[in-house]
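Dear colleague,

I am handing over the structure we spoke about, with the sequence alongside. Please have it open while you read the notes that follow.

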Amino acid sequence: MGNLILCHDRHAVQPYEITRIHCRIYTIEELCFYLCNNLYLIDYTIMNGQLCDWLDEELGMESLASALRDVLRLHGSVEKFVLTILKSSKIYREPEMIRIQNVLEHLKNQKDIERQKFKGDNLLESGEVEEAILVYQAIMNQEKDETVDDKFYGKIYAGLGAAYGRLFLYQESARMYDRAYQICGDRALLKPYLYASYKYMSLEEYHILITKNEQYMEINAQMRREIDEVKKNLTEDTDPGLIDKWKRQHRRSHS
């Protein structure tokens, strides 16, 4: 959280314990940091009168405590409770608050397992690949949740395939994409599966693979056309003198 602004100096004598993870909180900054880093797992357990009392008595934040008690009294949502804390603390800048609000809105009414997947997807999208893998693996290691269909787990495998691919672990990536396709039957998964297979297989092995399936042959041909088009555009749009310079640099680096 690069936009964290340290603007409070009150430190609690008695900490507030987040029972879900047995974490002790001493400052409003620590509370907000916990909330923002666990948006995907926040539930009703954070929404209680004890937290209001702690903010009031230990940190002297009477106005915030009063506002939170109103949310409780009116049976407001967990999302409103959390946003009230973050906004009143004035720790995060407006763009970050908008992002947090959007995430909370998306997570509203989602099952816990769906929240976990959303966290993994966001970590992958933001480039935190290894962290995303850990989230996806944690989901797969849990007892199967019967409230979601099999395709949900197929999408987890697809997320793992994308993550392993970004780490250049192409054999693992291909294996995950293959499992995703077997579950989901989505033709769009075949392209990354074949690409990952091509990257780790020998040419002979890859040729044997694609000749086993007519769809593989079609998608492989499509991929070759796309690559040729990219090469063509790159050549047309790039200064020939620059290409010659790159070639000379490449030769020197390998001489």
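Arg69 counts as partly exposed in this predicted model, with a relative accessibility of 32%, and its side chain meets that of Asp56 in a salt bridge with an N to O distance of 3.6 Å. Because Arg69 belongs to helix H3 (residues 62–73) and Asp56 to helix H2 (residues 49–57), this pair ties together parts that are 13 residues apart in sequence. Asp56 is likewise partly exposed, at 22% relative accessibility, a value that lies just inside that class, since buried means under 20%. Asp53 also belongs to this picture, as salt bridges that share partners join Asp53, Asp56 and Arg69 into one network.

A search of the whole structure finds 11 salt bridges, and two others among them may be worth your attention. Lys144 and Asp150 meet through their side chains at 2.8 Å, N to O; Lys144 is partly exposed at 42% relative accessibility, and Asp150 is partly exposed at 44%. The side chains of Arg175 and Glu172 also form a salt bridge, again with 2.8 Å from N to O, and here the partners sit 3 residues apart in helix H9, a separation of about one helical turn. That spacing can be read against the general geometry: an α-helix has 3.6 residues a turn, so residues three or four places apart point the same way. Both residues of this pair are partly exposed, Arg175 at 41% relative accessibility and Glu172 at 30%.

Helix H9 leads on to the aromatic residues, of which the structure holds 6 pairs. In one of these pairs, Tyr170 and Tyr195 are arranged edge-to-face, with 6.2 Å from centre to centre and 85 degrees between the planes. Tyr170 lies in helix H9 (residues 170–184) and Tyr195 in helix H10 (residues 190–200), so that the pair ties together parts 25 residues apart in sequence. How do the two rings differ in burial? Tyr170 is buried, with a relative accessible area of 14%, whereas Tyr195 is partly exposed, with 41%. A further pair is made by Tyr193 and Tyr216, which is tilted because the ring centres are 5.9 Å apart and the planes stand at 55 degrees. This pair, too, links distant parts of the chain, with Tyr193 in helix H10 and Tyr216 in helix H12 (residues 214–237), 23 residues apart. Tyr193 and Tyr216 are both buried. Phe168 should be mentioned as well, since together with Tyr170 and Tyr195 it forms one aromatic cluster.In helix H11 (residues 203–211), the residues Tyr206, Leu209 and Ile210 are buried. Seen down the axis of H11, its buried residues fall within an arc of 90 degrees, so they line one face of the helix.

The last site is Thr84, which is placed in helix H4 (residues 78–89) and is buried, with a relative accessible area of 13%. A polar atom of the Thr84 side chain lies 2.7 Å from the backbone oxygen of Lys80. Leaving aside residues up to four places away in sequence, Thr84 touches Leu64, Ala67, Leu68 and Val71.

With best regards

How values were computed:
Residues are numbered from 1 along each chain as its sequence is written. This is a predicted model: local features need pLDDT of at least 70, side-chain atom pairs count only at pLDDT 80 or more; totals for chains, interfaces and linings use all residues. Side-chain values use heavy atoms; hydrogens and water are left out. Rings of Phe, Tyr and Trp (its six-membered ring) pair if their centres lie within 6.5 Å; planes under 30 degrees apart count as stacked, over 60 as edge-to-face and the rest as tilted. Helices (H or I, at least four residues) and strands (E, at least two) are DSSP runs, numbered from the N terminus. Buried means under 20% relative accessible area, exposed over 50%, partly exposed in between (1.4 Å probe, protein chains only). The arc is that of the directions from the helix axis to the C-beta atoms. A polar contact is a pair of N or O atoms within 3.5 Å; within protein, one must be able to donate a hydrogen and the other to accept it, and residues adjacent in sequence count only if both atoms are side-chain atoms. Contact means heavy atoms within 4.5 Å. A salt bridge is a side-chain nitrogen of Lys or Arg within 4 Å of a carboxyl oxygen of Asp or Glu.
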